[in-house]
Amino acid sequence: MTSPAMAPDDPYTILGVKRDASAKEIKRAYHKLAKQHHPDLNPGKKAAEARFKAVSVAYDLLSDPEKRGRYDRGEIDASGAERPDRAFYRQHADSAQGGKYHADSGVFEEADLGGIFADLFRRGHGEAGERANFRMRGPDRSFTLAIDFLEAARGAKRRISLEPGHSIDVTIPPGFKDGQILRLAGQGGPGIGGGAAGDALIEVRVAPHPHFRREGDDIRVEIPVTLGEAVLGAKITVPTIGGPVALSVPKGSDTGTVLRLRGRGIASPGHPAGDQYATLKIVLGGKPDDELEAFVRDWAPRHPHDPRRAMVQP
């Protein structure tokens with residue numbers, strides 16, 4: 001089986017890497033492109049959103065050594081779906097039809113295969129003329145769907161194309177995790193001899209968020225605060241997956257202080273909502289002005305403190 005030609009949807013082309021690129025080079029290219037085209041950084045730009053999702057699908061395939069190897073060998077296509085072994089189908093079709101069956105496109109349709117195998121496995125029994133058909137469930141089909149972090153956290157509806165001319169709306173439940181499988185019953189390959197259709201198995205790939213990080217049903221986020229807010233305390237507005245909320249910064253907070261927002265995490269079906277944990281990070285916001293420098297220069301010698309003391313203890 002030959003390797004697929006470089007096409008517009010080729011994952012190497014999408015990520016802008018060579019076919020012999022290392023895993024590190026592929027990861028570096030993905031992070032650069034994901035950051036550049038992330039929907040949160042390009043609000044309202046459909047082209048950027050489409051590009052971001054294409055980059056996520058390409059990375060999902062190439063970051064998995066097994067999938068990458070199968071793609072390079074031509075066993076699966078750029079979406080991760082199985083490619084039919086044409087030589088195998090043609091050999092068995094010719095055998096079943098005495099060498100007279102040919103498809104104009106060179107690829108046998110599943111409906112044609114169903115008829116061939118139904119004939120092969122049909123057996124007569126009982127009274128003369130009575131037939132019992134061999135029935136077989138259709139094959140499952142595998143797909144990959146890239147969604148962004150907030151779609152996975154909140155839940156979403158997406159329209160996907162299972163094959164040319166056949167699209168379907170799917171509902172992604174809130175709290176869906178990266179790598180989970182969404183099963184669409186009866187949307188796979190057709191059955192043989194009247195057997196039930198297989199299922200469509202959609203592996204959901206969740207793109208990273210520039211600020212939020214998921215831990216179970218909890219959300220972690222780093223929140224920058226000014227020196228004044230940390231020293232004097234303040235009420236600030238912070239982002240959550242459900243929208244901005246108010247957060248009280250205690251007086252005398254330090255970098256690394258963790259504040260909890262109860263119930264602001266992931267709300268998975270059948271589970272209570274997780275929490276959001278905001279880790280404070282003091283940001284000066286540029287070079288200190290003369291007044292602040294003069295204050296610290298006078299204040300620091302009278303308040304000696306070594307925050308690294310515990311780190312250098314023998």
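Student: How many salt bridges does the count come to?

Tutor: The count comes to 24 salt bridges. Keep in mind that this is a predicted model.

Student: What makes lysine 67 and glutamate 203 a salt bridge?

Tutor: Their side chains meet at 2.8 Å, N to O. The cut-off is within 4 Å, so the pair qualifies. It also links distant parts of the chain: lysine 67 sits in helix 4 (residues 65-72), glutamate 203 sits in strand 7 (residues 200-206), and they are 136 residues apart.

Student: Why is glutamate 203 called buried?

Tutor: Glutamate 203 has a relative accessible area of 18%. Buried means under 20%, so glutamate 203 counts as buried.

Student: How do you know that aspartate 169 forms a salt bridge with arginine 159?

Tutor: The closest N and O atoms are 3.1 Å apart. The limit is within 4 Å, so this pair counts. Aspartate 169 lies in strand 5 (residues 166-172) and arginine 159 in strand 4 (residues 156-163), ten residues apart.

Student: Is aspartate 169 buried, partly exposed or exposed, and what makes the label fit?

Tutor: Aspartate 169 has a relative accessibility of 49%. Exposed needs over 50%, and buried needs under 20%, so aspartate 169 falls in between and is partly exposed.

Student: Why is arginine 159 called exposed?

Tutor: Arginine 159 has a relative accessibility of 56%. That is over 50%, so the label is exposed.

Student: What makes aspartate 217 and arginine 214 a salt bridge?

Tutor: Their closest N and O atoms are 3.3 Å apart. The rule asks for within 4 Å, so the pair passes.

Student: Why does aspartate 217 count as partly exposed?

Tutor: Aspartate 217 has 22% relative accessibility. Buried would need under 20% and exposed over 50%, so partly exposed is the label. Arginine 214 also has 22%, so arginine 214 is partly exposed by this rule.

Student: Which residues do shared salt-bridge partners join into one network?

Tutor: Asp60, Lys67, Asp178, Glu203 and Arg205 are joined this way.

Student: Which residues make the nonpolar surface patch of about 380 Å²?

Tutor: Leu227, Val231, Leu232 and Leu284 make this patch. Take valine 231, which has its place in helix 8 (residues 227-232).

Student: How do you know that valine 231 is accessible enough for a patch?

Tutor: Valine 231 has a relative accessible area of 46%. A patch residue needs over 30%, so valine 231 meets that cut-off. Since exposed starts over 50%, valine 231 is called partly exposed.

Student: What is the strand order of the open sheet of three strands?

Tutor: The order is 3-7-6, with mixed pairing. Strand 3 (141-147) and strand 6 (181-184) are the edges: each has a single partner strand, so one side of each lacks a neighbour in the sheet. From one strand to the next, the twist averages 25 degrees.

Student: How do you know that strand 6 and strand 7 pair?

Tutor: Four bridges join them, and they run antiparallel. Pairing takes at least two bridges, so the two strands pair. Isoleucine 181 has glutamate 203 of strand 7 as its bridge partner.

Student: Which helix lies across strand 3 and strand 7?

Tutor: Helix 3 (residues 46-62) does, running at about 130 degrees to strand 3.

Student: Why are strand 8 and strand 12 called edges?

Tutor: First, their sheet: an open one of four strands, ordered 8-9-13-12, with mixed pairing. Strand 8 (213-215) and strand 12 (258-261) each have a single partner strand, so each has one side without a neighbour in the sheet. Neighbouring strands here are turned by 30 degrees against each other on average, direction ignored.

Student: What makes strand 8 and strand 9 a pair?

Tutor: Three bridges join strand 8 to strand 9 (residues 218-225). At least two are needed, so they pair, in the antiparallel sense. Glutamate 215 stands opposite aspartate 218 in strand 9.

Student: What do strand 10 and strand 11 form?

Tutor: They form a hairpin with six residues between them. Strand 10 (residues 234-238) and strand 11 (residues 245-249) pair antiparallel over five bridges. Isoleucine 236 faces leucine 247 in strand 11. In the turn, glycine 243 has a positive phi of about 120 degrees.

Student: How many helices and strands are in the chain?

Tutor: The chain has ten helices and 13 strands. Of its 314 residues, 34% count as buried.

Technical notes. Residues are numbered from 1 along each chain as its sequence is written. This is a predicted model: local features need pLDDT of at least 70, side-chain atom pairs count only at pLDDT 80 or more; totals for chains, interfaces and linings use all residues. Side-chain values use heavy atoms; hydrogens and water are left out. Buried means under 20% relative accessible area, exposed over 50%, partly exposed in between (1.4 Å probe, protein chains only). Patches are made of residues with over 30% relative accessible area and no salt bridge: like charges are joined within 9 Å, nonpolar side chains (Val, Leu, Ile, Met, Phe, Trp, Tyr) within 5 Å. Accessible areas come from the Shrake-Rupley method with a 1.4 Å probe; for residues, only the protein chains shown count as cover. Axes are lines fitted to C-alpha atoms, for helices over the stretch in contact, and angles run from 0 to 180 degrees between N-to-C directions. Contact means heavy atoms within 4.5 Å.
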